[in-house]
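Trainee: I have this model open on my screen and I keep losing my way in it. Could you pick one part and take me through it closely, then show me how the rest fits around it?

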Amino acid sequence: MMLTGLIMYFLSACSKEPIREVTTPPVNPPTDTSKVVYNNGVFIVNEGNYNWANASVTYIDNKSGLAYQDIFKTANSRGLGDVAQSMKISGDKGYIIVNNSDRIEVVSLKDFKTIKSVTGFSSPRYIEFVDTTKAYVTNMRRNISIVDLKTLAVVKTISTPYWTESLVRFGQFMYVTCIGSFNVPTADRKSQIYIIDTKTDVIVDSLLLGKEPVSITVDRKNKIWVICTGGYDNYEAPTLQRIDPALNIVDKTFTFPVQQGVPSRLCMNPTRDTLYFIYNGVYQMAAGANELPATALIPANGHLFYGLGIHPLTGQVFVSDAIDYVQSGKVFRCSQANGQVLGSYTAGRIPGSFCFTPSSKK
Amino acid sequence: MQLKETEVRANLIPDNNGYKKVKFDSLILLPYRDADLSTVLSQISTIFIKSYSPGSLATSSFRGTPANHTQVDWNGISLSNPMLGQSDFSQIPVSAFDEIEVLYGASGLTKTSGAFGGVVNLVTNPDWNNRIHATIAQTVASFDNYTTEAGAIAGTSSFQSHTRMNYSSAVNNFPYNDDFTGEKVIQSNANVLQYSLTEEAFWKLKDKHLFTARVWYSYDNRDVPPVVEGSTTYYPQKMLNKTLRSILEYKLVERSWNLSLKTSLVNQFMNYRNDSMLINNDHNCYTSFSSARFSWMGVKNLTIRPGVDFTYDYVKSDSYSGVKTRNILGLYLEVAYKFNDHVKSQLILREDYLDGAFMPFVPSLGLEYKPLNKINLYLNANVARNYRYPTLNDLFWEYWGNPDLKPEYDNVIEGGITYNYPSLSGKFFIETSVSGYYSWMHDMIVWSPLPYNPSVWQPQNVSEVNARGIEASLNLKWKVGKLQITSSNNLTFCRSTYEKTNSPEDLSLGKQLIYIPESTYNGTLNLNCWNFILGYNLTFVNKRYTTPNNQAYMPAYSLSNIIFGKSFNLHTFAISLQVKVNNLFDVDYQSVKNWPMPGRNYSLTVRFEFKK
């Protein structure tokens, strides 16, 4: 009978293979990564969706212009984890911070195989290297972890009362932004920057900032720049603040118009005299400017710009479009001169940050 | 279980004025009494259940619609949480009610507006011939799962009382393959403790007045298990639900008219704790729903049924700033007209007045045609427009809610054929139904990042969805000597696609909605003989896409379940034993990405019944 036939068909669907997600490769799929050398390109860290455990890394090879998807899974035969926040390179190793898996995957840049999964964090966010032996990692849950880069283990924590986010090294000191308590309204959050002596791992000073300082960088004149969003509940207008580390004071504050957007992802060009950030579109601003730029270098035009990176040698602007946060995102490589799109690539889900290989050449 | 003689009773209701309605009676539900609603619907109905993991959330997709377009009712009052606008099917025990009515698409408009998929009504009706019927059953199942069910149904020809309770605790410590480590691990943090108590009293006076009072208390405390991703630390996530529902009903039946009044009060308390996100929030909702229906049959072949509904929601939530309320006054009119023995029609009109403003008008027209006198063949069709209001979370969630949302709306047309054939001897019964629907949903509410601030997600009326599909069912009952064979089969095809995109890079246009399968099948074959029962169930779910651009998907899977039972009847006592093997072929599958599902598992139920 027809019904019997149908049932046989349905039963044949129950194979012995585990039933797991299958990804159909994009058009022109460079799936063979065996010949790829990760020494001249950019890693795109795709966050993936919270609690879906679908974080991934895409690699764009500068020479061929090809995008290799999910290279971590290809190299290690397993997923990266839940919410990959950021990646940084020190020596011949890449450090991928997997936020909701409480882990840092340390990978070899030779083949992207995991050297060690470092555990012991509490919702890690970003890593910054002190030198070749030591790194600081910020956490959403109340401390800064210190990782020994030789043993690849958390050796110490600097206790902080609140969520620490972005960090930058300035000489002997580490400047760490702190958002405040995790689960309180912005009004009750103490937003500040901690200044930590990396020799003693002690917080030596702190400085009050605008609400939700999410992004930090240093310019060539040794000024530290911070973007403050103003709070998730629009508590106050977002600001771009400049800190003079010699005096540890905020010496300049640029205020964004209220309710028009939220700035994020502060970056510097190779010569460290121009700032870039996302504010719907991508904006470019000279470090010496007296006011915020009026027009975008790359207007949003319906795109949902999410991640931003500046190529450390060419100065080209890499910006990602998260589209709807569920389907594979896009990355655009644009000219820093006029914002013109020079190349576009498919990435993974929610491409959030970029990590350029040290010897990136054009 | 006292096996009754085959009752020749249609489950695919053929004669419903052009609207589709399917019924699952207590006999069909008997093997599922230790289970929850998600299990029974996925194994015997055409509704797709998206189940994350045992002990976790189970939501529905009915006719290609999102989860909040299936309304679950208990004797005509909504079980949906007004904050979420949907129900968790894993929290509803099958032993709390007798029958399930499934109202497809516009058919649900007789109960409510807004359920584009349809309405699942859980029903208990009195049996006036019953005197005493007491039951106690114990189920022991794999993974430290235990369920106790007890019931006492007693009364006279004018008064009946139903008292039921069930208690179940589950550890759900099943083994699964961790894709991250490649090792076999045991699921942890998936405990569920659930109990419920129901009391229903029915009082009939002079065959004219019927008074009904119902109370249902349920308690559900569960861990929310983590997604499989190799994390070394587990931060507890827990969900506690305490719900009290009560209904008072009165029905007056006269020769040419009748009146039905109902009032209910529901309190739903929920606490959600997530130590990872440092959330510990209480949500407390009170809903009062009252309705009046008057039916007038004064003119031959015509029934006019005006009515009025009133709903009041009161919500105090840690995630809202202040108390939020909503009231909806609904005016209802149903006109059924029988043109002749072949043609019937029904018009349903709804007009809601929500918080002081008239909502768009909801009309629906159904037509039924029975071309032949002696053959039970029915052609049905209906056309409708339906509206769904935003949920309270959509409107009021602190900082992110959007009070300016418009209702979603749906234009839908459907048609179908239903046929049944009862043999004269009563030994053979076959029924079949095929229906198709075409639905276009507009202004669908989607939580998405704001264009000017991607870190803020807000619900917006941004999406359009076109859902169209075919449902086919075939049921058989056949008695061959002492052997009784019953079989039910459901097959669905559904294309439900995104029809509007909001970004130049969005590749989802015309693609299937995520986690909605393009086809499903479930079939059951039961053999009964000398109080033995042997049953086999096959559930097939085709691939479900996991990304809106359909670039990734979860492959199709088939699950087989068998049941074997024997009952012993001793005058007024009956003892029955039932063994179930679920996932017979030990399929290693995931329904939702990175949520583990158990392999082969077993359950044993012992049931004592006393009936007089």
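Mentor: Let's start at one residue in chain B and work outwards from there. Keep in mind that this is a predicted model, so treat everything below as a reading of that prediction.

Our starting point is T418(B), which sits in strand β25 of chain B. Is T418(B) buried or exposed? A residue counts as buried once 20 or more other C-beta atoms lie within 10 Å of its own. T418(B) has 25 within that distance, so it is buried. Setting aside its neighbours within four places in sequence, T418(B) is in contact with L12(B), P14(B), Y378(B), N380(B) and S433(B). For a sense of scale, try G117(B): T418(B) is 301 residues from it in sequence, yet the C-alpha atoms of the two are 20 Å apart in space.

Now look along the strand itself. β25(B) covers residues 408–422 and pairs with β24(B) in the antiparallel sense, over 13 bridges. To get the register by eye, find Y387(B), which stands opposite Y409(B) in β25(B). On from there, β24(B), residues 376–388, also pairs with β23(B), residues 362–369, again antiparallel and over six bridges. A handy marker for that pairing is L365(B), which faces V383(B) in β24(B). β23(B) and β24(B) make a hairpin, with six residues between them.

Zoom out to chain B as a whole and you'll see plenty of strands: the count is 35, alongside three helices. Its radius of gyration is 24 Å, close to the 25 Å that the globule rule gives for 612 residues, so chain B is as compact as a globular protein of that length. Along the principal axes, its C-alpha atoms fill a box of roughly 65 × 55 × 40 Å. Of those 612 residues, 46% count as buried. If you take the contacts in chain B with a separation of 6 or more, 61% of them come from residues 24 or more positions apart.

One of the helices deserves a stop. In α2(B), residues 37–44, eight of the eight residues are buried, so the helix is largely enclosed by the rest of the structure. Among them are L37(B), V40(B), L41(B) and I44(B), but S38(B), T39(B), S42(B) and Q43(B) are buried too.

Next, swing round to chain A. Here 50 residues of chain B are in contact with 46 residues of chain A. Several strands of chain B, including β26, β29, β30 and β33, each supply at least two residues to the side that touches chain A. The largest share, four residues, comes from β27(B). Sort that side of chain B by class and you get 25 nonpolar, 19 polar and six charged residues. The two chains also meet strand to strand: β1(A), residues 22–23, runs antiparallel to β32(B), joined by two bridges. There, T23(A) stands opposite A552(B).

Last, the nonpolar cores. The largest has 86 residues, and within it I96(A) and V282(A) touch the most other members. A second, separate core of 71 residues draws on both chains, including W52(A), F24(B), V72(B) and L513(B). Back in the largest core, leave out residues up to four places away in sequence and V282(A) touches Y276(A), A296(A), L297(A), I298(A), F305(A), L308(A), V317(A) and V319(A).

Technical notes: Residues are numbered from 1 along each chain as its sequence is written. Chains are lettered from A and ligands numbered from 1 in the order in which they are written. This is a predicted model: local features need pLDDT of at least 70, side-chain atom pairs count only at pLDDT 80 or more; totals for chains, interfaces and linings use all residues. A nonpolar core is a set of buried Ala, Val, Leu, Ile, Met, Phe, Trp, Tyr and Cys residues joined through C-beta atoms within 7 Å. A residue is buried if 20 or more other C-beta atoms lie within 10 Å of its own, exposed if 12 or fewer, and partly exposed in between; C-beta atoms are placed from the backbone. Two residues are in contact if their C-beta atoms, placed from the backbone, lie within 7 Å. Two strands pair if DSSP finds at least two bridges between them. Ala, Val, Leu, Ile, Met, Phe, Trp, Tyr, Cys and Pro count as nonpolar, Asp, Glu, Lys and Arg as charged, and the others, Gly among them, as polar. The radius of gyration is taken over C-alpha atoms; the globule rule is 2.2 Å times the number of residues to the power 0.38.
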